[in-house]
Amino acid sequence: MEFRASNTSYTIFLIFIFIVYCTSSTKGAPTLEATPLEPLLAVAGDSVLIDCVVKNLQNYTIIWRRVVPGSNKTEILSAGEVRIIPDPRFSLLHQKDHETWVLQVQKAQVNDSGRYICEVNTSPRMQIYRLLSVVERTPSNSKAFPVDHNYTSCCVNHKVPASCQEFCSLQSVIMGGHPNPWQCMDHLPVITKCLTDGRNHMPCCVKQNIPEICRSVCIGNYGLTTVLQHYSCMDHTIPTLSCIAEGIDFLPGPPQEVSVEPLSYTELKIKWVPPHQDIPIEKYNISIKLVRELSDLQEMESGMADQKKMSKMPEVKKLGASSSVKSLMRVLVDGNKTSYVASGLLPVTMYEVQIISENSHGSSLPTPAARALTLASPDESDATASNSSETYFAHLPNITRCCEEKGVPEGKCLRSLCDPSDDEDTKLADVLMCAPFVNITFECMAGGADHSHCCQQRGLPDICLDFCRGNVTQLDYRHFICLDHIDIYGNCLLEYYKVLPGAPEQFLVSMVHSRWAVLKWSPPSVLPESVLSYVLYWKEVAMDEIIEYNVVNDVKSPHLLDNLKPQTRYEVYVAARNAFGLSRGSVRAVFTTSPEFDQAEMALEKTPAYNETACCIAAGLKNSCLDLCTYNMKMSDLQLLAIPCANQLEILVRCGAGGRDHSSCCQRRGIRWECLPICSAMIEMSPQAVVSTCIGDAGKIIQCMAEGVGQLPGSPEDLHTQSVLPTRIHVRWKFHNTTADPVWFEVRYTETQQKIPPHPLDYAYVMKIF
């Protein structure tokens, strides 16, 4: 491009190129921020005044609408000061040059309850919702619109601090006015879960046209982690809360204490407790999903299982297209039932069960997934498994007679201290009462053998090893700790007398997930026919602390260890139990659950058309501030880094704007005038003043910048002079249009002899190029 100039030997020309695209020149935009948000309550027959405060209306028009109950449609009530609806009970009150517009409803009726919209016909249109509840003068039925939903007890149970419990009442949330909501951001997920109370409010939110990005709140999932998400959904807060308020009195809650246990190789028994909410339930919708077949278990590469022995493991035929077993079953059960037996399942297969409560108004949210494994079929079981047709006989020496012969009197001491199979019921008081005979009782039970090696292997403290040797002479306070391990002592004696089964064999962990793992083992080779059940021991592995094992009784192989933490190290083992006691534990297996990926965060990390973060890196932004250089910055990062990164504000604003002028959008969204220059990448205050003054508008500014990427063209690149002649200059630039609309250019230039150039908007000459 060329243009002519004069006196170039004495004058420096400054050139600045603007891209112009459908911008508006309004100096301000209407705002509805001063409109009160508290719900309106009225008695049938009274007059209702619904107010809306509009500042800087200019030449726009105020429109009152009402959401049609049970639909996503609205009807227009008034436009300006003109009533549109035929119903003469509605009228509009407004005084010229005043900012308040009042919708009046005379002789209000119960069916007038619902949501009313005050709208300004800007582009995009601005709206604010008002809630109205009209009740009968002598109410005899449910409230027309419940706004007193209080869930403080739920918040307290979930450790929400007292300073944030103002958010634990629907009335309080709607009224607003919380002194410092920032301090409660970390607790909003729990508060939202308590707010929805396990009900599924999603159908109402969809009907009310709440944007998809904001709907997670309707099912108790506060997914609004970024500043952009948070402020995008602020305008939809009231209709979302109205849906929740409407559902609280009618929708059922989810069942409680859902459990699933295997009955056989084709059956699972599902049990639950009715919801705590006192709302009728017509039916339960049970979802039974096949998660995975376990015929080809993948062993962990831990070296804890003998690979060659895997040939003994049962195999399950693959689920083919011709199989009658479905990967997903749905069953409807009558609302007065509390259990169901699912049949026709595959052997050795993991199933996931969820239950939803339903009535004529809607449904609850599904219960957390409960998983279980079906048992192995009889013809696939290991040959060493117990056979019910066999009878197991074992004999212990008559320890009671030994105690009697050595002088232990009949009664409590003889029963509690002379029967190793009954050691689990021995109490401290029994030991103290029988202290004079303790040397006799333990000598008789030891049978003249030293059992200390077994006791040490099972974890008995050193102070207690004399019990295992049978040479206790006296008791003192140091031995009190031994009472916690008396069952270990008893099991070592029973093992010596060869009445306990051996340890379970071929114990392995496979199919490790982020939240669960499958454990499998074979019966012991010693007395397998005597085994009645297995006991599972599991715990987290911590480097700097001792953690006790969690104990799960009556488990069966394969077993699903569920509700684990992602990316956490665990240690597990099993032991066999028969009528006499517990075997030694199997080999210990250690495994680490896999990490859990947040699909929502992964979606946010997709490469956009304009990479604001790359711009900040190229501009030398401090690494500690990079979390602020993204349109998807999190609310917590904004709160934490706003002050420390104030001196990096110029880079953040320039890269956020991306060479675009977002002023028109910022004006439409009602951003205060002091902060408007930020929208065009200019900072006219100190960084600290910008943070303190404009942090409340940060979300709206980010919204405009993010939306502008797809709507506004970016700035030209590589602007340079190609030739300079006495009367003209030839300049060139590069430009890539990322929008679907045509663009044109403005070339601004001026003469100057100043060292500090003027602002581009003050250049003397403008040339448009189409």
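Which residue just after α3 takes a positive phi? That residue is D197, with a phi of about 55°. The model described here is predicted. Its protein chain has 20 helices and 30 strands, and 46% of the 770 residues count as buried. Among contacts in the chain with a separation of 6 or more, 66% join residues 24 or more positions apart.

**Helix α3 and the largest nonpolar core**

- Helix α3 covers residues 188-196, and its buried residues are L188, I191, T192, C194, L195 and T196.
- I191 of this helix also belongs to the largest nonpolar core, a set of 66 residues.
- Within that core, I191 and I678 are the residues with the most contacts.
- Outside its neighbours within four places in sequence, I191 is in contact with Y151, C155, V160, C164, F167 and C168.
- Another core lies apart from this one; it has 28 residues, including I399, C403, V438 and L493.
- In soluble globular proteins, nonpolar side chains tend to be buried together.

**Helices α10 and α13**

- Helix α10 (residues 438-446) packs against helix α13 (residues 486-496) at an angle of about 40°, and their axes are 10 Å apart.
- On the α10 side the contact is made by F442, M445 and A446, and on the α13 side by I486, Y489, L493 and Y496.
- The residues of this contact are seven nonpolar, with no polar and no charged ones.
- Helix α13 is largely enclosed by the rest of the structure, because eight of its 11 residues are buried.
- The buried residues of α13 are I486, I488, Y489, G490, N491, C492, L493 and L494.
- The cover over these buried residues includes α10, α11 (452-457) and α12 (465-469).
- After α13 comes K498, which has a positive phi near 60°.

**The loop at V408**

- V408 sits in the loop between α7 (399-405) and α8 (412-417).
- V408 counts as buried because its relative accessibility is 4%, and the cut-off for buried is under 20%.
- Not counting residues up to four places away in sequence, V408 touches C403, C413, L414, F437, I440 and T441.
- V408 and C434 are 26 residues apart in sequence, while their C-alpha atoms are 9.0 Å apart in space.

**Cavities**

- A search of the whole structure finds four cavities of 30 Å³ or more.
- The largest cavity has a volume of about 460 Å³.
- It is lined by 24 residues, and those closest to its centre are M633, L649, L652, V653 and A698.
- Four helices each give two or more residues to this lining: α16 (635-641), α17 (649-657), α19 (687-694) and α20 (698-711).
- By type, the lining residues of the largest cavity are 21 nonpolar, two polar and one charged.

**Q703 in helix α20**

- Q703 is placed in helix α20.
- Q703 is buried, with a relative accessible area of 6%.
- Leaving aside neighbours within four places in sequence, the contacts of Q703 are L228, Y231, S232 and R669.

**Backbone details in loops**

- K159 has a phi near 65°, a positive value in a residue other than glycine.
- K159 lies in the loop between α1 (152-157) and α2 (170-175), and is exposed, with a relative accessible area of 68%.
- V348 also has a positive phi, near 45°, and is likewise a residue other than glycine.
- V348 is in the loop between β16 (339-342) and β17 (349-359), and counts as buried at 1% relative accessibility.
- The peptide bond from S557 to P558 is cis, with omega near 0°.
- P558 is found in the loop between β23 (550-555) and β24 (559-561).

How values were computed
Residues are numbered from 1 along each chain as its sequence is written. This is a predicted model: local features need pLDDT of at least 70, side-chain atom pairs count only at pLDDT 80 or more; totals for chains, interfaces and linings use all residues. Side-chain values use heavy atoms; hydrogens and water are left out. Buried means under 20% relative accessible area, exposed over 50%, partly exposed in between (1.4 Å probe, protein chains only). On a 1 Å grid over the protein atoms alone, a cavity is a set of points where a 1.4 Å probe fits but cannot get out, and a pocket is an open set with protein on both sides within 12 Å along at least five of seven lines; lining residues have an atom within 4 Å of a point. Grid points are joined across faces, edges and corners, and a volume is the space filled by probe spheres set on the points. Ala, Val, Leu, Ile, Met, Phe, Trp, Tyr, Cys and Pro count as nonpolar, Asp, Glu, Lys and Arg as charged, and the others, Gly among them, as polar. A nonpolar core is a set of buried Ala, Val, Leu, Ile, Met, Phe, Trp, Tyr and Cys residues joined through side-chain atoms within 4.5 Å. Contact means heavy atoms within 4.5 Å. Axes are lines fitted to C-alpha atoms, for helices over the stretch in contact, and angles run from 0 to 180 degrees between N-to-C directions.
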